[in-house]
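Visitor: I am new to this and would like to learn how to read a structure. Could you walk me through it?

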There are 2 protein chains.
Amino acid sequence: MARPERRTVRDLRKGNRAVLLRALYFVGPTSRHELTALTGLSAATVSNVTGDLLADNVIVEAGLVDSDGGRPRVLLRVNPVYGYAIGVDVGETHVRVELFDLDMNEKAKAEYALRPGGHEVELVVRHILAGIEAVLADSGVAPGQVLGVGVGVPGIVESGPDALIHAQTFGWDSVPLGALLREGTSLPLYVDNGAKTMGQAELWFGAGRGSRNAVIALIGSGVGASIITDGVTYRGANSSAGEWGHTKIALGGRTCRCGGRGCLEAYIGAEAILERAGLPLDTATEQAQLAELVRSGSPVIDETVEYLGAGLANLINLFNPERIVVGGWAGLTLGHHLLTKIKKAAAENCLTQPFSTASIVLGRLGPDAVALGAATLVIEEFLLSNTAAPAREAAAL
Amino acid sequence: MARPERRTVRDLRKGNRAVLLRALYFVGPTSRHELTALTGLSAATVSNVTGDLLADNVIVEAGLVDSDGGRPRVLLRVNPVYGYAIGVDVGETHVRVELFDLDMNEKAKAEYALRPGGHEVELVVRHILAGIEAVLADSGVAPGQVLGVGVGVPGIVESGPDALIHAQTFGWDSVPLGALLREGTSLPLYVDNGAKTMGQAELWFGAGRGSRNAVIALIGSGVGASIITDGVTYRGANSSAGEWGHTKIALGGRTCRCGGRGCLEAYIGAEAILERAGLPLDTATEQAQLAELVRSGSPVIDETVEYLGAGLANLINLFNPERIVVGGWAGLTLGHHLLTKIKKAAAENCLTQPFSTASIVLGRLGPDAVALGAATLVIEEFLLSNTAAPAREAAAL
DNA sequence: TGACTTTTTTCAAGATATATACTATGTATT
DNA sequence: AATACATAGTATATATCTTGAAAAAAGTCA
């Protein structure tokens with residue numbers, strides 16, 4: 001029941017513009033000639049559309065490449081300073097705001113610490129708005145050059161103008177973050193769950209690069225997943241898809257902080273691991289504690305590996321991805337030393353056919369990936385509908 | 001990273017043709033005027049394209065509707081005899097072949113029993129080919145009028161020209177069913193997993209109608225799911241997505257017939273239920289046995305409901321569907337009497353936000369839905385690329 | 001019969017991608 | 001240094017497409 005769209009002949013141009021821009025963005029500097037092969041468009045059309053894009057300053061020429069005995073090809077690339085994207089990471093311990101150019105080079109950064117339990121919405125909103133001001137001032141970028149602001153937050157984000165957020169760990173219940181931010185800024189906003197933005201970062205620039213069907217598993221204090229179907233983050237009916245951490249893996253088992261019993265998070269979430277090992281919880285030292293557990297070969301870790309493998313196997317059985325990326329600080333700590341064992345545990349709990357076609361790899365991006373991924377939300381929109389970009393006039397100066 | 005396509009101006013017509021045909025197919029008899037509202041196309045284009053479709057005999061006029069004081073509208077509809085679709089259900093006990101017109105009226109049917117364990121590929125292929133012959137003869141439909149043959153089979157079906165099938169229960173390992181069938185027929189073939197075809201039937205004509213994000217859970221002897229993302233069956237990297245039955249719900253628990261431990265199927269699969277109740281396995285009476293268990297309020301059923309609810313909750317957490325359809329004969333037997341309890345169990349094991357937006361309903365189609373759904377594979381292709389339909393000349397006679 | 005209403009078709013206009021011919025810009029050869 | 005050659009990119013003519021406006025069609029109502 002896939003529904004085709006497209007109506008007028010004008011949409012064609014818009015679509016082909018997007019096709020070319022996307023190719024240029026992801027493939028990098030390329031000549032018009034190569035673009036014909038890359039996109040399937042005729043040379044004439046490539047010439048036409050790139051002409052438009054050049055005139056709009058969305059792309060720029062980037063040097064020549066000489067070929068044996070012919071006219072050298074002119075390389076084209078996305079104009080990195082055509083516009084900028086701001087990515088915001090709202091985490092348990094901090095609010096981080098970063099400004100990127102279109103090449104995803106970080107141009108400025110602002111960070112605000114949050115006290116444990118100090119997650120009042122007003123405070124977070126103030127930090128975000130202050131951060132936007134700060135990165136603009138630091139980088140000297142004018143607001144008109146900013147294509148948008150992406151925000152990665154914990155919890156479930158309902159898509160819609162208000163961007164209602166439900167985040168138990170923050171004590172946020174139906175918080176209209178989008179609406180609140182809009183009172184302080186007129187920049188286009190894209191709010192999404194932080195696990196999804198980080199997943200998109202891994203997909204675009206990290207270990208998920210090039211896959212069309214993938215799952216990025218995020219294991220930190222909490223446990224989540226970002227599901228990629230046909231190259232796009234899958235969000236479901238109300239944008240809450242991917243709540244892997246609270247799927248039941250041992251019905252009736254350990255009590256989870258969500259109140260349920262037998263949740264995966266109650267076994268492989270960082271806090272759950274430490275708790276099972278009988279260690280005191282302290283967010284300042286938990287990373288070191290976990291590393292020590294892994295190093296010492298604690299039996300709790302063996303058990304964790306088993307549960308993690310089974311959890312990954314469930315994802316493979318359900319989604320049949322070509323790639324599974326294990327990320328999040330706890331996931332990386334476990335994975336760096338135990339990836340082979342994790343794979344083995346997954347294999348034992350998975351149907352052979354889907355397992356054999358899924359590769360399990362570690363995430364390649366650090367914790368900053370949440371903000372980076374949030375910024376990709378802006379880029380995603382830019383690549384699709386670059387025509388009426390708000391920063392057009394500003395960047396064309 | 002959604003990738004836009006579309007190139008030439010000709011694709012526009014093709015796309016709009018598909019848009020209109022789809023609207024006519026799913027909405028039913030409609031006037032050109034209504035189609036403009038339905039599709040967003042201009043009246044002129046609707047007139048143009050429907051003219052083409054009429055000339056090609058793909059659609060036909062279907063009477064008038066008089067309006068108060070104006071020219072009466074001419075109703076248009078898909079020509080039910082423009083072509084026919086054959087659906088094949090390869091089950092554990094039978095091979096069923098049905099021929100449908102485009103209105104999905106069954107015009108002929110052929111059925112062949114399979115002995116338990118008698119699943120040799122050659123036999124199944126013979127039955128399918130004989131069934132195709134039979135339904136064509138019975139209905140008087142010429143082969144040239146058949147748009148294609150959809151086949152629903154157990155196990156994992158790798159998409160590709162050979163349609164490799166891996167079905168443990170059948171003892172099929174990398175069986176190239178597509179290639180084998182092609183030796184006996186030149187009709188276009190569409191092979192897919194039976195749970196997926198049944199899911200598509202429920203999606204198009206049953207309890208899933210109208211949903212864009214849904215999961216159709218199928219509970220019989222085996223347990224599977226059909227995942228609908230954005231209105232389309234999700235297949236994953238190798239078409240094996242939806243293997244819900246072998247996800248672990250109780251790690252280290254009961255041994256499943258797949259060899260794993262703690263699979264969902266080991267708790268809610270029909271055979272597993274009967275086994276847990278200490279009843280002898282007999283495919284002839286298992287349906288009655290299960291019904292009796294449900295009627296008598298066996299504690300095994302209570303436990304099953306708990307596991308089923310948790311399994312559904314996992315689906316809701318991961319996929320955030322707007323609807324869950326419980327189908328399959330065992331699922332329906334359980335659901336008819338215990339849907340409230342099942343919902344309660346699901347709620348207890350699910351995050352509140354996604355649960356609150358998901359409705360859990362029973363399937364509305366009978367066991368024939370596998371063949372019906374297989375036929376929808378043919379229709380799906382027809383609606384997308386009706387231009388060069390192979391049966392065009394035949395049907396235009 | 002004639003005015004009016006609503007649906008559908010016709011027609012001219014504007015926009016697009018493509019093929020083909022053509023121009024631009026280099027290297028290789030004489 | 002001049003010329004031939006090869007490759008990259010552009011301009012033009014053509015066939016399609018969708019659309020808005022006008023026209024036609026086919027009724028009702030007074």
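Guide: We will go through the interface, then the salt bridges, then the aromatic pairs. Please keep in mind that this is a predicted model.

Visitor: Let's start where the chains meet. How many residues does the contact take from chain B and from chain A?

Guide: Chain B contributes 65 residues to the contact, and chain A contributes 65 residues. Another way to read an interface is by its area: about 5,700 Å² is buried between chain B and chain A, with carbon and sulfur atoms giving 59% of that.

Visitor: Which helices and strands of chain B supply at least two residues each to the side that touches chain A?

Guide: They are helix H1 (9-27), strand E13 (223-229), helix H10 (299-319), helix H12 (352-356) and helix H13 (369-384) of chain B. Sorted by class, the side of chain B that touches chain A holds 30 nonpolar, 22 polar and 13 charged residues.

Visitor: How many salt bridges and how many residue pairs in polar contact are there between chain B and chain A?

Guide: The rule finds zero salt bridges across this interface. Polar contacts are another matter: 32 residue pairs are counted between chain B and chain A, with both residues at pLDDT 80 or more.

Visitor: Then how many salt bridges are there over all chains?

Guide: The count comes to 29 over all chains. To read one, look for a side-chain nitrogen of Lys or Arg within 4 Å of a carboxyl oxygen of Asp or Glu. Take Arg17(B) and Asp56(B), whose closest N and O atoms are 3.0 Å apart. This pair links distant parts of the chain, 39 residues apart: Arg17(B) is in helix H1 of chain B, while Asp56(B) is in the loop between helix H3 (43-55) and strand E2 (59-65) of chain B.

Visitor: Is Arg17(B) buried or exposed? And why does Asp56(B) count as it does?

Guide: The test for buried is a relative accessible area under 20%. Arg17(B) has 5% relative accessibility, so it counts as buried. Asp56(B) has 16%, so it counts as buried too.

Visitor: What would a salt bridge within one helix look like?

Guide: Look at Arg295(A) and Glu292(A), which form a salt bridge with their closest N and O atoms 3.1 Å apart. Both lie in helix H9 (residues 286-296) of chain A, and they are three residues apart, about one turn of the helix. Arg295(A) is exposed, with a relative accessible area of 61%, and Glu292(A) is partly exposed at 39%.

Visitor: Which residues are linked in a network of salt bridges?

Guide: Asp89(A), Arg96(A) and Glu111(A) are linked in such a network. Within it, Asp89(A) and Arg96(A) have their closest N and O atoms 3.3 Å apart, and both of these residues are buried.

Visitor: Now the rings, please. How many aromatic pairs does a search of the whole structure find?

Guide: It finds 15 over all chains. To read a pair, check the angle between the ring planes: over 60 degrees counts as edge-to-face. Tyr25(A) and Phe26(A) have ring centres 5.1 Å apart and planes at 80°, so the pair is edge-to-face. Tyr25(A) counts as buried, at 12% relative accessibility.

Visitor: Which residues form one aromatic cluster?

Guide: One such cluster is made of Tyr25(A), Phe26(A), Trp204(A) and Phe205(A).

Visitor: What is the geometry of the aromatic pair of Phe170(B) and Trp172(B)?

Guide: This pair is edge-to-face, with 5.1 Å from centre to centre and 85° between the planes. Phe170(B) and Trp172(B) are both buried.

Terms used
Residues are numbered from 1 along each chain as its sequence is written. Chains are lettered from A and ligands numbered from 1 in the order in which they are written. This is a predicted model: local features need pLDDT of at least 70, side-chain atom pairs count only at pLDDT 80 or more; totals for chains, interfaces and linings use all residues. Side-chain values use heavy atoms; hydrogens and water are left out. Contact means heavy atoms within 4.5 Å. Buried area is the accessible area (1.4 Å probe) that two parts lose on being put together, summed over both. A polar contact is a pair of N or O atoms within 3.5 Å; within protein, one must be able to donate a hydrogen and the other to accept it, and residues adjacent in sequence count only if both atoms are side-chain atoms. Helices (H or I, at least four residues) and strands (E, at least two) are DSSP runs, numbered from the N terminus. Ala, Val, Leu, Ile, Met, Phe, Trp, Tyr, Cys and Pro count as nonpolar, Asp, Glu, Lys and Arg as charged, and the others, Gly among them, as polar. Rings of Phe, Tyr and Trp (its six-membered ring) pair if their centres lie within 6.5 Å; planes under 30 degrees apart count as stacked, over 60 as edge-to-face and the rest as tilted. Buried means under 20% relative accessible area, exposed over 50%, partly exposed in between (1.4 Å probe, protein chains only).
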